[in-house]
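Q: I have a structure open on my screen and no idea how to read it. Can you walk me through it?

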Amino acid sequence: MSKKWVYPLSAVVLGSSLMLSACGSPETGKTETKPAEQPASNQAAPAAATAAPAASPELQASIDQYQKWVIEQTDQLVKSTEEFTNAVKAGDMEKAKQLYAPSRAYYERIEPIAESLGDFDPWIDAREGDVPDNEWRGYHKLEKALWETKSVADQGKVADQLLQDVKQLRVKVESVEIDVKMLVTGAVELLNEVSTSKVTGEEERYSRTDMYDFAANVEGANEIFKVLKTSVEAKDAALAKEIEDRFKALDQEIAPHRKGDGYVLYNEIKEDQVKKLSQALDALAEPLSKMGTILEG
Amino acid sequence: MDTKRLENIANKKLTRRDALKLAGVGGLGLLVGAGGMGAVMMPKPASSNAATSTDSDAVGGIVPFYGKHQAGVITPMQDFICMGAFDLTATALADVRKLFQSWTAAAARMTEGKNVDDESDNPHLPPVDTGESMGLAPMRMTVTFGLGASFFDERFGLASKRPAPLVDLPHFNSDDLRKEWTGGDIVVQVCANDPQVAFHALRNLARIARGKAVLRWVQDGFQRTNAADPTGSTPRNLMGFKDGTNNPKVSEPAVADEIVWAQSSDDPAWMAGGSYMVMRRIRMRIEIWDRSSLDDQENTFGRHRLSGAPLGKTGEFDDLELDRKDGQGKPVIPAASHVALANMDGKVKILRRGYSYSSGMDLKTGQLDAGLLFVCFNRDPRKQFIPMQQKLAAADLLNEYITHVGSGLFACLPGASEGGYIGDTLF
C-alpha cells in the first residue's frame, strides 16, 4: 500500500475541495457539503518551512522538460485507458486483461504528480480497502472484475468514470506547478512506492502484474534523474555516476523478468529474486535521495 | 549559552572533557536539558563485569577503535550484541577498499558516540546520520570486522591470500544449518552496553554499504546487564546455567597471544594481530529443556545449576576433577557432559564471547526461537574450535536440547591505526 493513503481524511477532503474550487469539477457536490477541516498541516507546513529557492534558468529548463514529458505520458494514458475501458465495456475480457497492465504503466510513471493533484490517485489507483467500498473506483476495481469475479457485465459505469478521471488528470497536468523540490522528492517517492507495495507483490493482488508497475515506477524515477542529471553532475559528479550505475544495476535485476513486450507475473518470481530486486532498489534509492544536494544554498 | 550551541553539544555527544568545558561556561544545571547526563554522571560499576578482564572504563565510556588489535575481541563483554553478515555486490576491489575505508571512519566516529559523519545543513537532503543515538553515551560500543572464506573466491583476485586457518568448517553431527543464517563475505560484530547504540552502528554501516554490499543475516543478542548484576558474576544462558566460567584470562597478554591473536610467525603474515571468529546460531529446544528434571539438567552440563560449581563441588571456580568417581565407581561428572567434553583435557582453549538471543517464535511450531548466539575467537580454528566442536557434536549430552542452525568462520582482521583502515594489511 502506498503512503499516500496514510494521511488523515481531513487532508484528502481539503485537498479535493481546493482542487475542485480551482477547476469546477462535476464532482463538487460531494465535498462541498462537508464541514471545514483542520488544515492539512502534514502537507502544507513542511513545504512552507523548506520551500525550494527560485529555480535557476538551468533548473527551470529541467522542470519544463519534465512537465512536457508528464503531459506526453498523460496523453498516452488517456489513449491507453480508452482502449482498455472500451474492451471492458465491450465485454472482451481477454483483450481487457491484456491491456490492463500496459495501460496503467503511463500512470505509474507520473504518480507523484498525480498525487500532488489531490484526489486523482484514490480515484484512479485505490485498491480495495484503501477507501470506503461505496467510493471505490478506478483501475483496481476493474482488475478485480476481470481476474477475481470474472465478469465485467456491470462495470460499464466504472469504466466510464475511470476514463473521465484520466481525462481530467490530463487537463490538470497542464497547469500543475512543478518545482525542483517536487522532482527530487518525487523520484524517491516512486522508488518508495516500489519498495512498499510492488516488490512485495501487494499492488496487483488479482492480476499479479506487479512487475509492470515496478518497472514503470523505476522509469518514472529515471526520467526525473535524466532531466536533473546535468545539475547533479555539476554539484557532485560522483553522486551522478553512482545513481547512473545503480539504475543500470537495478535494470539488470529486472531484465530476467521481462517477457515479450511485458513482464512475468509476480508469482513467477522466486523469493531470492524478490530479495535481490529489493536490495538493488534500496541501493539506488539511497544515492537518489541525495539529489537534493542541487538545492543547497 | 545559545540554544544552537547546546544543540550542537547534545548532537555531538558529550565526552567527559566537553562536559567539564560546558560546566565552566554555563554551569552543570544546563546539562540536564541537553540529554548528556549519562556520560557525565554515570557511576562506575561496583566491579568489573566479566571474569575475563578488568574493565577500566565507566559503563558509558569509550573503547578505543584504533589499535594493534580490533576492539570487541578481548574487550570485556558488553551487555548487548548486534551482529550482521554482508555479501558484497561490488565487483571491483577498489570499491571494496573504499567501503572498508568508509566503514573504518564511520565506526571510529560512532565508537566515540559521535554521529556517523558531519551533518549537512541542506534541508532538502536526508540526514547523514539516522539519529537514534543522538545524545546517547558511547556505551563502550565496539565494532569488529571479519572476512569469510567467500571473500577470497575468484571475484577480487585474493584467492592466494586466503589464510590457511580460514578453512571451510566441516559438517558437525547434529548440524541443521540454514542458508539464511550461514556464511557471508564479511561479518560485523557490534557490541555495546545499550541495544539502541549497537543497532544504530550496524544500521549505519549497512546504509553506507548500499550498492556495494547487502545484508545476508542479522542477529542481535543480550546477556544480563551490568545494572542487573553490578557484581559482574558469570552470566547465565537461557538454560539457566552459568556460561563462561572457564574462559581464559585474556587480560594477560601472554594468554591472549597464545589463544586468541594470530602472530607474525603464523601464516599468513598479513593476519598478524587478527584472530579467527566463529559464529554459531544455536537454537535451544527451550520447551524440552523446561520439562527435564534438575538431575538431567545438571548432568547435562556437569555443573550445579545454582552455584555453577562442578558436580560434587561447592564453588563455581573449583577445579574440575574429571576422574573423580562416586561410591559406585562412576564419574561424578558424566564423561559426556558439556564441561567434561569441552575441557579437552585442559589442552585446547578458545575465547568464548556468546550472547543469548530471542527472535520471537517459530511460526511452524509455535515454539520459542531462542538460544545462544555463540561467538568465539581463536588463533587457529583447525587446532582449537574445530576439534573441540567435533568432540562436542559427537557426544555432548547437551545435543539433545540444542540445534546448530547457523554458522560462520571469519578471519577477524588485525586492528587499524589512525589514518589506515580495517583490512589495509590485506588489500
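What follows is a short chat about two helices, one chain and one interface.

A: Happy to. Keep in mind that this is a predicted model.

Q: Let's start with a helix. What length is expected for helix α9 of chain A, and what does α9 reach?

A: The idea is to count residues, allow 1.5 Å for each step, and compare that with the distance between the end C-alpha atoms. Helix α9 of chain A runs over residues 156–175, 20 residues in total. The expected figure is 28 Å, and α9 reaches 30 Å from its first C-alpha to its last, which is close.

Q: And which residues of α9(A) are buried?

A: Look for residues with under 20% relative accessible area. In α9(A) the buried set includes Val158(A), Ala159(A), Leu162(A), Leu163(A), Val166(A) and Leu169(A). Asp165(A), Gln168(A), Arg170(A) and Lys172(A) are also among the buried residues.

Q: Why does the span of helix α13 of chain A agree with its 18 residues?

A: Helix α13 covers residues 271–288, and at 1.5 Å a residue it should span 26 Å; its end C-alpha atoms are 26 Å apart, so the two agree.

Q: What do the buried residues of α13(A) pack against?

A: Within chain A, their partners are α10 (180–198), α11 (210–235) and α12 (237–254). They also pack against α6 (195–209) of chain B. The buried residues of α13(A) include Leu277(A), Leu281(A), Leu284(A) and Glu286(A).

Q: Glu286(A) is in that buried list. Which side chain does Glu286(A) meet in a salt bridge?

A: That would be Arg210(B), at 2.9 Å from N to O. The count between chain A and chain B is 2 salt bridges.

Q: How much area is buried between chain A and chain B?

A: To judge an interface, look at the area and at who supplies it. Here about 1100 Å² is buried, with 53% of that from carbon and sulfur atoms. Gln279(A), Glu286(A) and Glu296(A) give 37% of what chain A buries against chain B, more than any other three residues. The contact draws 18 residues from chain A and 14 from chain B.

Q: What is the secondary structure of chain B?

A: Count the pieces: 11 helices and 9 strands. Of the 427 residues in chain B, 52% are buried. Among contacts with a separation of 6 or more, 77% link residues 24 or more positions apart.

Q: Which residues of chain B does the UniProt domain annotation cover?

A: The unreviewed UniProt entry labels residues 234–416 of chain B "Dyp-type peroxidase C-terminal". That stretch is 19% helix and 22% strand, with its end C-alpha atoms 31 Å apart.

Terms used
Residues numbered from 1 in each chain as written. Chains lettered and ligands numbered in written order. Predicted model: local features only at pLDDT ≥ 70, side-chain atom pairs only at ≥ 80, totals over all residues. Heavy atoms only, no water. Helix = DSSP H or I, 4+ residues; strand = E, 2+ residues; numbered from the N terminus. Buried < 20%, exposed > 50% of the residue type's maximum accessible area, 1.4 Å probe, protein only. Contact = heavy atoms within 4.5 Å. UniProt positions renumbered as here; feature names shortened; annotations may be inferred. Buried area = accessible area lost by both parts, 1.4 Å probe. Salt bridge = Lys/Arg side-chain N within 4 Å of Asp/Glu carboxyl O.
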